[in-house]
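Here's a short tour of a protein model, written for someone new to reading structures. Have a look at the picture first, then read on.

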There are 8 protein chains.
Amino acid sequence: MQNFEETDVSQAILDGYYKKFSQALRSDVVIVGAGPSGMVAGWQLAKAGRKVVILEKRLSPGGGIWGGALGMNEVVVQESALAILTEAQVRYQPAGDLFTADAMELASALCLKAVQAGVIILNLVGAEDICVRAGKVNGVVANRAMLGDSLPIDPLVLSARAVIDATGHEAVLAQCLYRRGLIDDRSVVGEGPMDAPAGEQFVVENVQELFPGLWTTGMSVCATNGGPRMGPIFGGMLQSGMKVAQMIEAELGKA
Amino acid sequence: MQNFEETDVSQAILDGYYKKFSQALRSDVVIVGAGPSGMVAGWQLAKAGRKVVILEKRLSPGGGIWGGALGMNEVVVQESALAILTEAQVRYQPAGDLFTADAMELASALCLKAVQAGVIILNLVGAEDICVRAGKVNGVVANRAMLGDSLPIDPLVLSARAVIDATGHEAVLAQCLYRRGLIDDRSVVGEGPMDAPAGEQFVVENVQELFPGLWTTGMSVCATNGGPRMGPIFGGMLQSGMKVAQMIEAELGKA
Amino acid sequence: MQNFEETDVSQAILDGYYKKFSQALRSDVVIVGAGPSGMVAGWQLAKAGRKVVILEKRLSPGGGIWGGALGMNEVVVQESALAILTEAQVRYQPAGDLFTADAMELASALCLKAVQAGVIILNLVGAEDICVRAGKVNGVVANRAMLGDSLPIDPLVLSARAVIDATGHEAVLAQCLYRRGLIDDRSVVGEGPMDAPAGEQFVVENVQELFPGLWTTGMSVCATNGGPRMGPIFGGMLQSGMKVAQMIEAELGKA
Amino acid sequence: MQNFEETDVSQAILDGYYKKFSQALRSDVVIVGAGPSGMVAGWQLAKAGRKVVILEKRLSPGGGIWGGALGMNEVVVQESALAILTEAQVRYQPAGDLFTADAMELASALCLKAVQAGVIILNLVGAEDICVRAGKVNGVVANRAMLGDSLPIDPLVLSARAVIDATGHEAVLAQCLYRRGLIDDRSVVGEGPMDAPAGEQFVVENVQELFPGLWTTGMSVCATNGGPRMGPIFGGMLQSGMKVAQMIEAELGKA
Amino acid sequence: MQNFEETDVSQAILDGYYKKFSQALRSDVVIVGAGPSGMVAGWQLAKAGRKVVILEKRLSPGGGIWGGALGMNEVVVQESALAILTEAQVRYQPAGDLFTADAMELASALCLKAVQAGVIILNLVGAEDICVRAGKVNGVVANRAMLGDSLPIDPLVLSARAVIDATGHEAVLAQCLYRRGLIDDRSVVGEGPMDAPAGEQFVVENVQELFPGLWTTGMSVCATNGGPRMGPIFGGMLQSGMKVAQMIEAELGKA
Amino acid sequence: MQNFEETDVSQAILDGYYKKFSQALRSDVVIVGAGPSGMVAGWQLAKAGRKVVILEKRLSPGGGIWGGALGMNEVVVQESALAILTEAQVRYQPAGDLFTADAMELASALCLKAVQAGVIILNLVGAEDICVRAGKVNGVVANRAMLGDSLPIDPLVLSARAVIDATGHEAVLAQCLYRRGLIDDRSVVGEGPMDAPAGEQFVVENVQELFPGLWTTGMSVCATNGGPRMGPIFGGMLQSGMKVAQMIEAELGKA
Amino acid sequence: MQNFEETDVSQAILDGYYKKFSQALRSDVVIVGAGPSGMVAGWQLAKAGRKVVILEKRLSPGGGIWGGALGMNEVVVQESALAILTEAQVRYQPAGDLFTADAMELASALCLKAVQAGVIILNLVGAEDICVRAGKVNGVVANRAMLGDSLPIDPLVLSARAVIDATGHEAVLAQCLYRRGLIDDRSVVGEGPMDAPAGEQFVVENVQELFPGLWTTGMSVCATNGGPRMGPIFGGMLQSGMKVAQMIEAELGKA
Amino acid sequence: MQNFEETDVSQAILDGYYKKFSQALRSDVVIVGAGPSGMVAGWQLAKAGRKVVILEKRLSPGGGIWGGALGMNEVVVQESALAILTEAQVRYQPAGDLFTADAMELASALCLKAVQAGVIILNLVGAEDICVRAGKVNGVVANRAMLGDSLPIDPLVLSARAVIDATGHEAVLAQCLYRRGLIDDRSVVGEGPMDAPAGEQFVVENVQELFPGLWTTGMSVCATNGGPRMGPIFGGMLQSGMKVAQMIEAELGKA
């Protein structure tokens, strides 16, 4: 017979989560969205020694990776992104000039790498707004998924030196700024029709600090600049996450 | 400018998924449910050289791990299960006589271990019935999540030498047998009230071949034998998955 | 410029439907469910000169054919059912010892054959009960789909010399009798676990007059006798529809 | 006893669908929407030797035909469209200066003609966006119905030399272009009030290549040019499909 | 310019409803369900001088009358019920041996007759339980529709010397007694299959005091005694309401 | 034992409804919405000998009358509207300078008066668009409630010399014209804040022919001209219906 | 045995509510929304002798207080608001420079203080519009929650000398004015991004009479002036309610 | 300008809730349901020095009090319960032999009394099961409302020396025991029909320890013993809560 009380289990979880959430309140970088680019960005920034928090409104991280295309759980990457797969210890197979990987393997490996590099992932927590003080984004207004959506329940704030909008097509945080007239119309035009090769290039080249303190990565890069959609190829996503990490690391290093 | 066609991406995914699904049609072991015990069982059986398929009706594997307790994403394990964490390279911290681990880390590590050991995970695929021939379970009747629930769409079959019901409280496959009178009432009594230490022991000790060809692991062990619930402590789950793997390996080895 | 009034169009539809529905009120055979066996049964009985009505609660006939398995729109038949495909002018390809056909082709061809043989199909009309007089089923209680489900709206009756329950797993009409104790428990046990070869044989061999005036075909044969499920193979379905047509034709010929 | 395995059935379906879907990835013409004009267009283009794919988001093709008007399953056509009915072997009856046909017969006959002429119909697949490269539409971004709507699942692409928007009132593909400013406001004004004779003429006369590579047919002709609605008369729909087929055939023949 | 305040309107409604509801708290007869038999019963009892309250959970009284059959708003009555139509000043036309009336006319005329005879109709008020004291039903437990269903809101009670269950197929009040074992199994068997002539006779002949203080009328007569369904013919309904009124009047006259 | 067949009942309803609907296809006036002003308008026009059809999307006519205010089923009218109550034989009581009536009595009396004056009410039929030919509204595009909303089912047309938009706040038909630019912005501004005395006056004074062939009555008068809301006082509604009837009668008399 | 009748209970509730609602029809101040600022405003105005009514669409007052942040039921206040807590007899604890209180204690204490000071709270009653006469707001158009949302049921009016919009982010009443062009665009810009210290100051300083007769308090102050959000700190809310009470008291005192 | 950081607010809430929840894990008494009897029981036990936790699945405590009857927010109590109102400082008015109080006042006062006496109320936390060890209930299995209902998320445990089922009609905890055969059928018969005087007496007299460690109070007393319903009179509820507090206090005092 094992020898413990149910409340020992409850207490251990409560203590662990309290400590984790407390640490998450103030960090170097808060990333909203645990899809491929958000997780790569988090992983790389944590590897560089930054304190990183990822907020994910769903129960599990991974975003669009798990479903491949149409629910067929395979993903495609180009040669230029193989280095990231290799670093993440994800296996791949050639498919013509492209490469495929198992979607379950890629999603779980990126999550594991990020967490083991020190990223705090808070799942079931979504961003409902953004903090701006003195003309600079300095935090994210977050709420508990499903509670905050349907009941009058207040959010709380996680502050950071840099915030990344990795929310994909919706570009949730950019919309928060646009709605208040803080960024202009041309900055949130929505993504263009699909042109995958062009999109893959665009999503990496146009990573930027959209507004002081707010960076975009992945599909939110296209959504805020009218870049083309690219479909179920993930190389650009991964490289976009890598690039935003490098740019923020450079910026934080300056300070 | 990158140089590929969108249809190259489509084709690569279609080819990869077709090949994966074809292989999954006939295997040694089909496991229904990608929660903690199902994934440990799959991982261990694949490591032993068996061809293993896990069906998961949700988009992502991991079951109840991601949410910890009440959405606080920490999990608890006992000392007896630390070896499994260690083998999965999951970090843990002491908490009194117990240990805690990050839920995101455990869920993603188990998935990654299973897939890299060779398990095929088919997500968005649920079991809607079971195959019985000559008094023995020899396959699972599976359907596409969300399509098969609401439209008159036929399922297909994945056959296996052994089938594991890792569907948790619902014990979906056991219910399929019970409904037809193939197992008696005492076999599907539902789980008992919570008594975590007793439950942790029960879920390991009572792993069994419930019906020729059908094995239970995890909470479906309790659900089919009236064992106590145990709450957000995962040691028993992990060890139950380990045990069913060992028992099936022994059985398959005989044949 | 074309020369007609919108109300000419309205009037033509109203006239055509009124005439069709009026004819449908009294027929030789009412079939509930426009799936594969119901449509084959209707086609064959109409070909033999009987006045046949098929009620279908959905917008389109075809039942489970359109979706193949998991939405992959191919269907499988065995050699014994190729004659029916040939008569329906549906093309097929060998696949090992089995044969495949395009789901769209099979569904539309069966519908077209039935209608051109003289069957009246009333879609968006479901059966909510059955008529029994002097110990014999003599009609079906039908209602308009979506209206009758959610508003207090009365049904009407379509009478017939024979009624066929082709409603599949649910065996709707058989349940109406069972609920009133008019057929005993053993007659509505629900279908058994899947055993496709056994099921394919069962669904043809056990076609029967379940209660005076009420016949079963297709999956309702299994559902009312505990026969095995058979999955996305349609030979048995088609032959079951052929057989119930022959048995009813023989019966009606006697009278 | 029949002699086959359930997995033989599964394998045959998987093989058949994989082959069909692979062929569909690259075609001459992709038509979105399997309503009356889409199916006539597909049938005629396939008859002319073109490789044609129709995407349909619902389970069954046929669109608004099955329901006639208000669910009264009769349809009306004018004299000018009788030739198409005759070619499709659909029976009709005079009704004043107009003609009526059974809705079930027309829907199933058009589907059967299209498929037997070689059209690949992929049902449960909807268009969520469009591909544009070098100022020309060259494909459709498609997703699995019901999965892609509610889960973060990526689409894939089917490329073609010509794409037809046969999505009816919604003019889904035209909206994709309009939203990005690629076609101007006057091109997507929505359909006008009903004037059936005028509408019947408009829907045929205004078939056009709306944007390089994108053609409209059926109600999307009215929706993109402000043409009048026409109600449950199908002659214009059928002739519109015929006309777009002829125009595209002429265009493809040039290349 | 008219000369009144909005609150004068509010006050007048509040006063009128308060007075009406107060009077309704204690009456001779409470009828649950404002369908055809409930309204005839209320009308006749009020005409005889009794204080009568009808509770109707929907916004409008009339029950199944408005929809005729399948939403075709005509109803049928037999010769034996013409006297009631005549008294209600409802017009009818012969149809073979039967008679038809406009559904809108019958529903509104019965409502108007009942109200003008003095019946208080409380709409949007449903019965959720029954009051029993000293072995006799002496009231109905009522709640506000839509509020009481989904929020924890208490009901109130309307007491009466006699209560009529006119809730149709569901026999709501009879179920309240059956659930507590106050009436036996044979009393709530649910209605039988349809046999309209037999049902029309049954629903009149079997009107009864099911339990001291609780009477049934209309379809709840069939539902509590296993009588046959009768479909969209309303003669039996009307006569059943007439009969329960006569029986209760006789009973109350005794006291 | 009564002596009829269930199909006699079905046939009688089918015949009656077919005849009624056929007559409704071509009329003098089609009124959309069976609320207080629509029903008064219909009643008065039918009394004057016009052929009138009212379409009502809900199961029962009466609109907002049944619910009084907040579900308290009393309504208020002013002295100026008492003549209409008197003609409708509806009882009223003084309440200060105003008068109250029972909501059930008013709703059922108006419906009964309209039907007995010859109005055809088609319930469960809603307007989804409008017909315009040669710059004049000449009919309404109608569909079956609940079917036409959620399935791709075509509407049909009811033509008339005059059409009345009695759809209340939504002003459904006016919106159809506005959406196409056929009436200008100032014509559909939505109703203003509440000012009941002013609103009561406005809703009568501003009855108008909004567009050739299309008239407004009741709240759609306010909605199309920015008139004030007036709340649960029905005098203006009734008088507005009376006035539109007089204006149309004058207009039709001219022709 | 206790000695009362169920209808005595019903009568007592009916009498009490009738009396309360009648009194509420005409008051000095109607406040829409029973959140923290609305309840403080009501409490203070009632304490000053004004007749005050609060409308709350939910079942219970308290608004966002009960849920603290993310459902963690603690709230934070600053030193400047401690006087209000003290007056409300709510306990607090220091937390750095801030103070925390139990959410359940604050919500229930504010409600109790308001009611015991004489405020009438009508729960389950929401505002659907506003009354304006002679350029001044003079009442609120209210409806029963859940009934008025989904059925065509009329509202009624509660008049007052001053109306407070305490509906939070939505600023429901201000929107009613803005929609009619009665206040200009700059008055309803929605709240800005979060800046809690600035927001706490803004929500107090910018309390105003937005339009003659309509005052804002709490988050509707920010929503109508573009002030910053402030999150789960309630000091500003409480002080904003205090301030609007003082301003209205001053205004009413003048009259 | 105020001087604090948003994360100070977040931290204060996190700290406060963590401390509160930690304390709640181990208590003397856990009460499930914050309705009238649960809150009185909690208040009285805390006043006696016991450590008490109340779990409430909804956002706000108060249960059925807020809604009075049918949403009319008045409640009734008898003379025997006035002492409790007096102790809670709730005002009341005579109404015949009964007394009425404002529902808002009673609900908020009970909540405030409980909290200020030391009760910890955890809202948005529901009980999904019960803990039983060595034949005695020793805790409650709780989950986060809305998360635990729809996602696979584990609960945690709150242990106590005594547990009270104050869940009303549903008797949630008693059902957990009954489902496992730990209490017999007669113990969970559901409440009887309404007989308010008898019910008011029953709910006090039959308070009991239903199973070692599990007590019932309020409507769950009736539900587990077949006692009569009593409707919107709250005296029995309050006295039942008082009594269970006294009985448990006596029991805990013994230990």
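## Two matching copies

To compare copies, we superpose them by least squares on the C-alpha atoms of residues with pLDDT of at least 70 in both. Do that here, and chain C lands on chain D with an RMSD of 0.0 Å, after a turn of 180 degrees and a shift of 0.0 Å along the axis. The two copies are thus related as by a two-fold rotation axis. In chain C, the C-alpha of Ser108(C) is the one nearest that axis, 2.3 Å from it.

Before going on, some ground rules: this is a predicted model, where local features need pLDDT of at least 70 and side-chain atom pairs count only at pLDDT 80 or more, while totals for chains, interfaces and linings use all residues. Residues are numbered from 1 along each chain as its sequence is written, chains are lettered from A and ligands numbered from 1 in the order in which they are written, and side-chain values use heavy atoms, leaving out hydrogens and water.

## Who touches Leu158(B)?

Contact means heavy atoms within 4.5 Å. Leaving aside residues up to four places away in sequence, Leu158(B) touches several residues, including Phe21(B), Val53(B), Leu122(B) and, over in chain D, Thr7(D).

## Cysteines without partners

A disulfide is a pair of cysteine sulfur atoms within 2.5 Å. Search the whole structure and you'll find zero of them over all chains. For Cys131(C), the nearest cysteine sulfur belongs to Cys176(C), 10 Å away. The sulfur of Cys222(C) has its closest cysteine sulfur in Cys131(B), 14 Å off, which is too far for a bond.
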